[in-house]
Amino acid sequence: PESANDMIFSIVCEELGLFGAVAIIVLFAFIIRRMRIIAGNAPDLFSSLLVVGVMAQISVQVVLNIAVVTNSIPNTGVSLPFISYGGTSILFLLYEMSLVLAVSKQIKRIQTQIKNHQQAERIEQKRRHERENKERNERRQEELRRQEQRKKKLQTKKAEEKERILQKKAQERARKNEEKEERPQCAQQEL
C-alpha cells in the first residue's frame, strides 16, 4: 500500500509522533460528536437519519484505517477520511459534509424562528398584561366612582330624611302649640 493513501496515519505518527496521532484522533472524535449533536437536534427524522449515516460511515472509516495502520486487522484498503490522497473519496466526503451542514443550517433557522416566536409571545404577553392591568384599574376607578355616587345618594337621602323628620317635628310642635292655644280658648268659652 502506498503511504499517501491507506497508510497516511502511520506517516503522520512517524513525522509528528504521539502528539500528531492524538491530534488526528481528537479531531475525528470532535467531528463525530458534533454530528451526534446535529443528528439529535435535526428538525425531522429524515435529516436525523441522514446525519447518522454520514457519521457512521466516517467513524467506521476512521476506526478501520487506524486498525489497519496499527496492524490490528488485515489490510482492507479503506482510506482515512479527509487526509488520505484520493479525488473520489474526498469529493464524496465533502458532499456528505455539505449535507450535514445543510441540516445544521436548518436547525439554526428553526432555533431563530423559535426565539423570534418566543420573543413575540413575550411581547404579546406583556401587552396583554398591561391591557389587563389598565382594564383592572379602570374597573377599580369605575367602582370607586359608583361607591362615591352611592355614598352621595345615601348622604342626600339621609339629609332629606333628617329634613323630613325635622319638618314633621316642627309640624307636630306647631300642632301642639295650636292645641294648647285652642284648649285655653275652649276652657274660657265654657266658663
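Analyst: Two residues are said to touch when heavy atoms of one lie within 4.5 Å of heavy atoms of the other. The model discussed here is predicted.

User: Which residues does S48 touch, leaving aside residues up to four places away in sequence?

Analyst: With those residues left aside, S48 touches A39 and A42. By the definition, this means that heavy atoms of S48 lie within 4.5 Å of heavy atoms of A39 and of A42. S48 itself lies in helix α2, which covers residues 45-69.

User: Why is S48 called buried?

Analyst: Buried means under 20% relative accessible area. S48 has 17% relative accessibility, and therefore it counts as buried. A39, one of the residues that S48 touches, is among the buried residues of α1.

User: What makes F82 partly exposed, and what makes N71 exposed?

Analyst: A residue is exposed over 50% and partly exposed between 20% and 50%. The relative accessible area of N71 is 67%, so N71 is exposed. F82 has 30% relative accessibility, so F82 counts as partly exposed. N71 is placed in the loop between α2 and α3, and F82 is found in the loop between α2 and α3 as well.

User: What is the sign of phi in N71 and in F82?

Analyst: Phi of N71 is positive, near 65 degrees, in a residue other than glycine. F82 is not a glycine either, yet its phi is positive, at about 70 degrees.

User: How do you know that α1 falls short of the span of a straight helix?

Analyst: Helix α1, residues 8-40, has 33 residues, and a straight helix would reach 48 Å at 1.5 Å a residue. The end C-alpha atoms of α1 are only 32 Å apart, which is short of that value. At L16, α1 bends by about 130 degrees.

User: Which element gives the largest share of the lining of the largest pocket?

Analyst: The largest share comes from α1, with five residues. Both α1 and α3 supply at least two residues of this lining. The space in the pocket is about 160 Å³.

User: What makes the lining mainly nonpolar or mainly charged?

Analyst: The lining residues are F30, I31, R34, M35, I38, M97, V100, L101 and S104. Phe, Ile, Met, Val and Leu count as nonpolar, and Arg counts as charged. Ser belongs with the others, which count as polar. The lining thus divides into seven nonpolar residues, one polar and one charged, and is mainly nonpolar. Among the lining residues, M35 and I38 are also buried residues of α1.

Note on methods:
Residues numbered from 1 in each chain as written. Predicted model: local features only at pLDDT ≥ 70, side-chain atom pairs only at ≥ 80, totals over all residues. Heavy atoms only, no water. Helix = DSSP H or I, 4+ residues; strand = E, 2+ residues; numbered from the N terminus. Expected span 1.5 Å × (residues − 1). Bend = angle between axes of the 7 residues up to and from the residue. Buried < 20%, exposed > 50% of the residue type's maximum accessible area, 1.4 Å probe, protein only. 1 Å grid on protein atoms, 1.4 Å probe; cavity = no way out; pocket = protein on both sides within 12 Å on 5 of 7 lines; lining within 4 Å. Points joined across faces, edges and corners; volume = space filled by probe spheres on them.
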